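Here's a walk through one model, written for someone who'd rather be at the bench. Keep the structure open while you read.

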Amino acid sequence: MNTKNLMLMALLVSVGAALYLVIPGYGEGMKPDFMLTMMFIGIFLFPDVKSVFLLGATTGVLSGIFTSFPGGFIPNIIDKFITAFIVFAVIALLRKAANHIIVSTIIACCGTLLSGTIFLSVAIFVIGAKVPFGLLFVTVVLPAIAMNGIVFFIIYPIIQTLLKRTSFKTALSNSN
(Lines give C-alpha, C1' and ligand atoms only; values in the text may rest on other atoms or scores of the structure.)
Protein backbone atom coordinates (compact mmCIF):
# COMPACT_ATOMS: atom_id res chain seq x y z
CA MET A 1 0.00 0.00 0.00
CA ASN A 2 1.55 3.27 -1.05
CA THR A 3 0.82 6.92 -0.39
CA LYS A 4 -0.89 7.49 -3.74
CA ASN A 5 -3.38 4.71 -3.05
CA LEU A 6 -4.02 5.95 0.49
CA MET A 7 -4.61 9.44 -0.87
CA LEU A 8 -7.08 8.17 -3.49
CA MET A 9 -8.96 6.12 -0.87
CA ALA A 10 -9.12 9.19 1.41
CA LEU A 11 -10.36 11.27 -1.51
CA LEU A 12 -13.12 8.74 -2.29
CA VAL A 13 -14.25 8.63 1.34
CA SER A 14 -14.19 12.44 1.61
CA VAL A 15 -16.23 12.83 -1.60
CA GLY A 16 -18.73 10.36 -0.15
CA ALA A 17 -18.86 12.38 3.08
CA ALA A 18 -19.36 15.63 1.17
CA LEU A 19 -22.18 14.07 -0.88
CA TYR A 20 -23.77 12.78 2.30
CA LEU A 21 -23.71 16.25 3.84
CA VAL A 22 -25.19 18.11 0.85
CA ILE A 23 -27.87 15.59 -0.20
CA PRO A 24 -31.20 16.54 1.39
CA GLY A 25 -32.92 14.02 3.62
CA TYR A 26 -36.27 12.39 3.00
CA GLY A 27 -38.74 10.51 5.19
CA GLU A 28 -37.94 11.82 8.69
CA GLY A 29 -34.52 13.15 7.61
CA MET A 30 -33.07 9.82 6.45
CA LYS A 31 -30.47 10.05 3.68
CA PRO A 32 -28.94 7.65 1.18
CA ASP A 33 -25.38 6.81 2.16
CA PHE A 34 -23.13 7.84 -0.72
CA MET A 35 -20.09 7.11 1.44
CA LEU A 36 -21.10 3.49 0.91
CA THR A 37 -20.94 3.96 -2.87
CA MET A 38 -17.46 5.49 -2.59
CA MET A 39 -16.39 2.65 -0.30
CA PHE A 40 -17.47 0.15 -2.96
CA ILE A 41 -15.53 2.03 -5.63
CA GLY A 42 -12.49 1.96 -3.36
CA ILE A 43 -12.85 -1.80 -2.85
CA PHE A 44 -13.13 -2.37 -6.60
CA LEU A 45 -9.98 -0.29 -7.18
CA PHE A 46 -7.96 -1.68 -4.26
CA PRO A 47 -9.16 -5.23 -3.55
CA ASP A 48 -6.73 -6.15 -0.78
CA VAL A 49 -7.37 -6.79 2.91
CA LYS A 50 -5.51 -3.71 4.23
CA SER A 51 -7.34 -1.35 1.91
CA VAL A 52 -10.72 -2.95 2.64
CA PHE A 53 -10.03 -2.67 6.37
CA LEU A 54 -9.17 1.04 6.05
CA LEU A 55 -12.11 1.79 3.78
CA GLY A 56 -14.59 -0.08 6.01
CA ALA A 57 -13.30 1.50 9.21
CA THR A 58 -13.09 5.09 7.97
CA THR A 59 -16.40 4.93 6.15
CA GLY A 60 -18.06 3.42 9.21
CA VAL A 61 -16.73 6.04 11.60
CA LEU A 62 -17.57 8.97 9.31
CA SER A 63 -21.03 7.59 8.56
CA GLY A 64 -21.56 7.18 12.28
CA ILE A 65 -20.48 10.75 12.99
CA PHE A 66 -22.75 12.23 10.31
CA THR A 67 -25.78 9.97 10.81
CA SER A 68 -29.15 11.47 11.63
CA PHE A 69 -30.38 8.10 12.95
CA PRO A 70 -30.72 8.05 16.77
CA GLY A 71 -27.97 5.84 18.21
CA GLY A 72 -26.62 5.19 14.73
CA PHE A 73 -22.89 5.51 15.43
CA ILE A 74 -22.20 1.90 16.47
CA PRO A 75 -24.55 0.33 13.87
CA ASN A 76 -22.78 2.33 11.14
CA ILE A 77 -19.35 1.09 12.16
CA ILE A 78 -20.51 -2.53 12.39
CA ASP A 79 -22.45 -2.47 9.13
CA LYS A 80 -19.74 -0.79 7.02
CA PHE A 81 -17.04 -3.10 8.34
CA ILE A 82 -19.01 -6.28 7.67
CA THR A 83 -20.32 -5.03 4.32
CA ALA A 84 -16.83 -4.03 3.16
CA PHE A 85 -15.42 -7.51 3.73
CA ILE A 86 -18.42 -9.33 2.22
CA VAL A 87 -18.29 -7.13 -0.91
CA PHE A 88 -14.52 -7.75 -1.04
CA ALA A 89 -15.14 -11.51 -0.90
CA VAL A 90 -17.72 -11.28 -3.71
CA ILE A 91 -15.34 -9.24 -5.87
CA ALA A 92 -12.57 -11.76 -5.22
CA LEU A 93 -14.86 -14.64 -6.19
CA LEU A 94 -16.10 -12.95 -9.35
CA ARG A 95 -12.71 -11.52 -10.43
CA LYS A 96 -13.14 -11.10 -14.20
CA ALA A 97 -16.92 -10.69 -14.15
CA ALA A 98 -16.66 -7.93 -11.52
CA ASN A 99 -14.79 -5.77 -14.06
CA HIS A 100 -17.98 -5.31 -16.12
CA ILE A 101 -20.02 -2.25 -15.20
CA ILE A 102 -23.34 -4.12 -15.00
CA VAL A 103 -21.94 -6.80 -12.69
CA SER A 104 -20.10 -4.25 -10.55
CA THR A 105 -23.27 -2.15 -10.27
CA ILE A 106 -25.24 -5.22 -9.19
CA ILE A 107 -22.57 -5.97 -6.59
CA ALA A 108 -22.82 -2.36 -5.32
CA CYS A 109 -26.63 -2.63 -5.14
CA CYS A 110 -26.41 -5.94 -3.27
CA GLY A 111 -23.83 -4.37 -0.95
CA THR A 112 -26.23 -1.49 -0.25
CA LEU A 113 -29.00 -3.99 0.50
CA LEU A 114 -26.69 -5.86 2.85
CA SER A 115 -25.50 -2.66 4.52
CA GLY A 116 -29.03 -1.38 5.10
CA THR A 117 -30.18 -4.71 6.48
CA ILE A 118 -27.22 -5.00 8.84
CA PHE A 119 -27.57 -1.38 9.96
CA LEU A 120 -31.27 -1.68 10.78
CA SER A 121 -30.80 -5.07 12.43
CA VAL A 122 -27.98 -3.84 14.67
CA ALA A 123 -29.87 -0.64 15.49
CA ILE A 124 -33.00 -2.58 16.48
CA PHE A 125 -31.62 -5.71 18.12
CA VAL A 126 -28.34 -4.54 19.63
CA ILE A 127 -28.87 -0.84 20.34
CA GLY A 128 -32.58 -1.30 21.06
CA ALA A 129 -33.90 1.40 18.75
CA LYS A 130 -37.69 1.46 18.67
CA VAL A 131 -38.15 1.72 14.91
CA PRO A 132 -40.18 -0.43 12.52
CA PHE A 133 -37.76 -2.52 10.41
CA GLY A 134 -40.16 -3.08 7.49
CA LEU A 135 -41.16 0.55 7.16
CA LEU A 136 -37.58 1.81 7.23
CA PHE A 137 -36.46 -0.94 4.87
CA VAL A 138 -39.07 0.06 2.29
CA THR A 139 -38.78 3.83 2.72
CA VAL A 140 -35.01 4.17 3.23
CA VAL A 141 -33.08 1.05 2.19
CA LEU A 142 -34.87 0.32 -1.11
CA PRO A 143 -34.58 3.92 -2.38
CA ALA A 144 -30.94 3.96 -1.23
CA ILE A 145 -30.28 0.84 -3.32
CA ALA A 146 -31.66 2.56 -6.40
CA MET A 147 -29.82 5.83 -5.77
CA ASN A 148 -26.49 4.18 -4.92
CA GLY A 149 -26.80 1.95 -7.99
CA ILE A 150 -27.38 4.93 -10.27
CA VAL A 151 -24.55 6.95 -8.70
CA PHE A 152 -22.18 3.96 -8.88
CA PHE A 153 -23.12 3.32 -12.53
CA ILE A 154 -22.30 6.93 -13.41
CA ILE A 155 -19.22 7.60 -11.25
CA TYR A 156 -17.31 4.29 -11.41
CA PRO A 157 -16.65 4.37 -15.19
CA ILE A 158 -15.49 7.98 -14.91
CA ILE A 159 -13.02 7.06 -12.17
CA GLN A 160 -11.89 4.01 -14.18
CA THR A 161 -11.17 6.21 -17.20
CA LEU A 162 -9.32 8.82 -15.15
CA LEU A 163 -7.16 6.22 -13.40
CA LYS A 164 -6.23 4.50 -16.65
CA ARG A 165 -4.66 7.81 -17.74
CA THR A 166 -2.56 8.14 -14.57
CA SER A 167 0.21 6.21 -12.85
CA PHE A 168 -2.02 4.86 -10.07
CA LYS A 169 -1.53 1.15 -9.43
CA THR A 170 -4.99 -0.29 -8.88
CA ALA A 171 -6.81 -3.49 -9.71
CA LEU A 172 -7.70 -1.76 -12.99
CA SER A 173 -4.06 -1.43 -14.00
CA ASN A 174 -3.51 -5.11 -13.20
CA SER A 175 -6.49 -6.27 -15.29
CA ASN A 176 -5.25 -4.80 -18.59
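## A greasy patch on the outside

Val-61, Ile-65, Phe-73, Ile-74, Phe-125, Val-126 and Ile-127 make a nonpolar surface patch of about 670 Å². Helices α3 (49–66), α4 (73–93) and α5 (101–126) are the elements that give two or more residues to this patch. A quick word on the rules: patches use residues with over 30% relative accessible area and no salt bridge, with nonpolar side chains (Val, Leu, Ile, Met, Phe, Trp, Tyr) joined within 5 Å and like charges within 9 Å. The areas themselves come from the Shrake-Rupley method with a 1.4 Å probe, and for residues only the protein chains shown count as cover.

This is a predicted model, where local features need pLDDT of at least 70 and side-chain atom pairs count only at pLDDT 80 or more, while totals for chains, interfaces and linings use all residues. Residues are numbered from 1 along each chain as its sequence is written, and side-chain values use heavy atoms, with hydrogens and water left out.

Take Phe-125 from the patch, which lies in helix α5. Helices here are DSSP runs (H or I, at least four residues; strands would be E, at least two), numbered from the N terminus. Phe-125 counts as exposed because its relative accessibility is 68%. The cut-offs are under 20% relative accessible area for buried, over 50% for exposed, and partly exposed in between (1.4 Å probe, protein chains only).

## The hollow spots

Rolling a probe the size of a water molecule over the atoms shows where empty space is left. In this case a cavity is a set of points on a 1 Å grid over the protein atoms alone where a 1.4 Å probe fits but cannot get out; a pocket is an open set with protein on both sides within 12 Å along at least five of seven lines, and lining residues have an atom within 4 Å of a point. Grid points are joined across faces, edges and corners, and a volume is the space filled by probe spheres set on the points.

How many cavities of 30 Å³ or more does a search of the whole structure find? The search turns up one. The elements giving two or more residues to the lining of the largest cavity are α2 (34–45), α4, α5 and α6 (133–164). The largest share, five residues, comes from α5.

Then there's the second largest pocket, where α1 and α6 each supply at least two lining residues. Here α6 gives the largest share, five residues. For the classes in the table, Ala, Val, Leu, Ile, Met, Phe, Trp, Tyr, Cys and Pro count as nonpolar, Asp, Glu, Lys and Arg as charged, and the others, Gly among them, as polar.

| Space | Volume | Lining residues | Nearest the centre | Lining classes |
|---|---|---|---|---|
| Largest cavity | about 330 Å³ | 23 residues | Lys-31, Asp-33, Lys-80, Phe-119 and Val-140 | eleven nonpolar, eight polar, four charged |
| Second largest pocket | about 160 Å³ | twelve residues | Leu-8, Leu-11, Leu-12, Ile-159 and Leu-162 | eleven nonpolar, one polar, no charged |

## Charged partners

Side chains of opposite charge can pair when their charged atoms come close. A salt bridge is counted when a side-chain nitrogen of Lys or Arg is within 4 Å of a carboxyl oxygen of Asp or Glu. By that rule the count is two.

One of them pairs the side chains of Lys-80 and Asp-33, at 2.8 Å from N to O. Lys-80 sits in helix α4 and Asp-33 in the loop between α1 (3–22) and α2, so this pair ties together parts 47 residues apart in sequence. Are these two buried or exposed? Lys-80 counts as buried because its relative accessibility is 1%, and Asp-33 counts as buried at 13%.

Lys-80 also forms a salt bridge with Asp-79, with the closest N and O atoms 3.1 Å apart. Both Asp-79 and Lys-80 are buried. Shared partners join Asp-33, Asp-79 and Lys-80 into one salt-bridge network.

## Some distances along the way

Ile-41, in helix α2, is buried, with a relative accessible area of 0%. The C-alpha atoms of Ile-41 and Phe-152 are separated by 7.6 Å, though the two residues are 111 residues apart along the chain.

Gln-160 belongs to helix α6 and is buried, with a relative accessible area of 13%. Its C-alpha atom is separated by 24 Å from that of Leu-113, 47 residues apart along the chain.
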